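The exercises below go through one protein chain and its ligand, from the overall make-up to single residues. Please work through each task with the sequence and the structure open before reading the solution.

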Amino acid sequence: MTKLLMAVLFAFIPLFGFAAQAAPIIVEGRYSAGFKNIEDGSNIKKAAALENALNEIERKLETGDYTTVLNACQSLLDNNYDDPRIYTLMARAYEESKDFDNAYYFASQAIAKSPSNVEAYTTRAHSYLERKDIMRATEDIDTALKLNPRSSRAKSVQDLINEAQKPAKKKRASLSDYRLPPWFFVYFVCVVLVIAFYVVLRYYNVFGGPVDVKGRKLKEVNIKEQYHFIRPIGEGGMGKVYEAYDNALKRKVAVKRIKPELLRNDYVREQFLSEARMVAMLHHPCIVEIYTVIETVNSLYLVFEYVDGQTLETRLDIDSYIDFDEVKNIFESVCQGLSYAHSQNIVHCDLKPGNIMIADSGVAKVMDFGVAQKITDDNEDKSHPVAGTPAYMSPEQQKGITSKQSDIYSLAVCLYEALVGQVPWSVKGFDVTTKKIVPPSQIAPYVPKEIDELIIRSLNEDPSKRIQTVEQFWNILKNSQAVNS
Ligand SMILES: Nc1ncnc2c1ncn2[C@@H]1O[C@H](COP(=O)(O)OP(=O)(O)O)[C@@H](O)[C@H]1O
Ligand SMILES: [Mg+2]
């Protein structure tokens with residue numbers, strides 16, 4: 001009986017053994033299929049256990065527990081390393097965890113073992129896509145869809161591939177899109193170095209310093225250190241005049257600055273300097289004195305004595321005309337200044353109320369020798385460039401011929417304007433064809449007859465028929481008296 005019992009028990013041992021090993025066992029998260037030592041006769045049961053294990057793993061894959069899937073598959077591989085389904089599951093787990101290198105490897109293994117594996121082709125196509133190998137991705141996905149045209153996963157990977165093949169939409173350019181080529185930085189550094197090198201050389205005056213248009217050396221002068229510019233006081237054709245303060249000599253000056261746009265014009269620059277040289281020859285209380293000329297790299301300045309007062313032009317704008325005795329006072333100074341200039345053979349050429357300064361002290365000063373001419377025996381009556389102000393210019397000066405008598409003509413126009421308030425050519429009654437001048441006494445009755453005569457003679461078209469010298473002019477004016485009404 002005991003023997004019989006033992007025999008029955010032994011007969012059931014293999015069955016217990018299978019029962020103990022049939023279901024996959026999870027040990028510390030690892031599948032242990034435990035198919036070792038299975039006898040040959042139990043193949044069917046082995047397959048069922050593997051099937052169970054794979055189903056279990058597939059469910060894990062769906063839950064997203066990829067670590068468990070990979071560990072379980074690894075365990076299964078120990079005994080089933082030819083089973084393509086394990087490789088497929090591993091490829092999928094890697095694919096889902098975005099490890100496309102491993103996904104590619106295991107998908108390739110699965111395909112090698114089962115060439116009609118839709119899932120493996122799909123996973124490998126996805127891996128190729130991630131590696132930007134569109135051609136191989138397309139091949140694999142085509143194979144997958146040929147094998148199963150209804151595979152939804154294959155279709156979605158195909159969509160991804162198609163999307164990747166579309167030309168990138170043009171996005172709006174942003175600043176970060178403008179990447180500069182590397183050579184640009186090299187170029188930039190070279191330019192900076194060249195500039196720095198040039199600045200250093202300039203600093204040590206290696207080039208010998210700046211020069212003017214004639215190649216003469218110029219000093220780098222900071223005019224604003226020497227003079228404090230207070231305000232602009234006048235502007236003419238060639239320059240602008242500023243009231244300024246000489247910081248060193250502690251006195252007011254008038255600084256005439258050449259217009260920047262004319263600085264490079266040789267003729268104007270020379271003309272500007274010629275004014276300076278001309279005035280520098282003249283020292284007279286009735287001529288505005290020049291102190292110095294400053295040529296800097298960027299400009300040219302003439303520095304004059306500052307006259308506190310107003311020009312005859314401004315005065316006539318305010319008062320229309322000036323009474324006879326005051327006119328005499330003003331013209332006494334003007335005649336003295338002009339007579340002195342003529343004695344130095346300098347013809348002013350632009351005598352007009354705007355160039356006669358009446359100082360607050362009462363003395364008048366002639367200024368603006370910008371177009372003045374130095375008369376020599378050989379150039380007297382020779383042609384010069386026409387320059388001056390037409391309303392005050394003699395007929396010959398308008399043709400380019402200057403002489404002391406052309407200044408006397410201008411002096412007479414100024415006197416007429418000071419007494420009457422208008423130049424002879426704008427007075428009512430002036431005959432343009434005969435050029436007959438309306439005597440000033442007809443407009444201003446206090447003007448004596450000898451002044452009518454003085455002016456009309458001085459305005460003669462023929463310079464030789466005019467009053468010949470400034471002294472004669474002044475003598476007549478000095479000896480005349482206003483007519484009492
Ligand atoms: N030395 C000076 N003192 C005071 N004002 C001056 C002086 N020089 C010029 N000005 C003012 O500047 C104006 C222009 O000066 P000016 O020498 O006639 O130059 P431009 O050649 O431009 O006519 C004058 O009308 C006068 O108002
Ligand atoms: Mg002027």
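Helices (H or I, at least four residues) and strands (E, at least two) are taken here as DSSP runs, numbered from the N terminus. The model is a predicted one.

**Exercise 1. Describe the make-up of the protein chain, beginning with its secondary structure.**

Step 1. Counting the runs in the protein chain gives 18 helices and twelve strands.

Step 2. Turning to burial, 33% of the 485 residues in the protein chain are buried.

Step 3. For contacts in the protein chain between residues at least 6 apart in sequence, 55% join residues at least 24 apart.

**Exercise 2. Work out how strands S3, S4 and S5 are connected.**

Step 1. Strand S3 (residues 227-235) and strand S4 (residues 239-246) run antiparallel and are joined by seven bridges; within this pairing, Arg231 stands opposite Glu243 in S4.

Step 2. Three residues separate S3 from S4, and the two strands form a hairpin.

Step 3. S4 is also joined to strand S5 (residues 251-258), again in an antiparallel arrangement, by eight bridges, and Asp246 has Arg251 in S5 as its bridge partner.

Step 4. S4 and S5 likewise form a hairpin, with four residues between them, and the turn contains Lys250, which has a positive phi of about 50°.

**Exercise 3. Two lysines, Lys132 and Lys250, have a positive phi; locate each one and decide whether it is buried or exposed.**

Step 1. Most residues other than glycine have a negative phi, so a positive value deserves a closer look.

Step 2. Lys132 has a phi of about 65° and is found in the loop between helix H6 (118-130) and helix H7 (134-147).

Step 3. With 8 other C-beta atoms within 10 Å, Lys132 is exposed, because a residue counts as exposed at 12 or fewer.

Step 4. Lys250, whose phi is about 50°, lies in the loop between S4 and S5, and it is exposed as well, with 7 other C-beta atoms within 10 Å.

**Exercise 4. Which residues are closest to ligand 1, and between which domains does the ligand lie?**

Step 1. The shell around ligand 1 holds 19 residues, of which the closest are Gly234, Gly236, Val241, Ala254 and Asp368.

Step 2. Two or more residues of the shell come from each of S3, S4 and strand S7 (300-305), and S3 gives the most, with three residues.

Step 3. By residue type, the shell divides into nine nonpolar, seven polar and three charged residues.

Step 4. Because domain 3 (223-305) and domain 4 (310-478) both give residues to this shell, ligand 1 lies between them.

**Exercise 5. Characterise the largest nonpolar core and find where it lies relative to the domains.**

Step 1. This core has 68 residues, and those that touch the most other members are Val334, Ala412, Leu415, Ala418 and Phe473.

Step 2. Helix H15 (residues 404-420) supplies the largest share of this core, eleven residues.

Step 3. Domain 3 (223-305) and domain 4 (310-478) both give residues to this core, and therefore it lies between them.

Step 4. To look at one member, leave out residues up to four places away in sequence: Ala418 then touches Leu312, Leu316, Tyr321, Ile322, Val327 and Ile330.

Step 5. Apart from this core lies another one, of 35 residues, including Leu54, Leu76, Ala91 and Ala154.

Key: Residues numbered from 1 in each chain as written. Chains lettered and ligands numbered in written order. Predicted model: local features only at pLDDT ≥ 70, side-chain atom pairs only at ≥ 80, totals over all residues. Pairing = 2+ DSSP bridges. Near = placed C-beta within 6 Å. Nonpolar A, V, L, I, M, F, W, Y, C, P; charged D, E, K, R; others polar. Domains from an automatic or database assignment. Core = buried A, V, L, I, M, F, W, Y, C linked by C-beta atoms within 7 Å. Buried ≥ 20, exposed ≤ 12 C-beta atoms within 10 Å, placed from the backbone. Contact = placed C-beta atoms within 7 Å.
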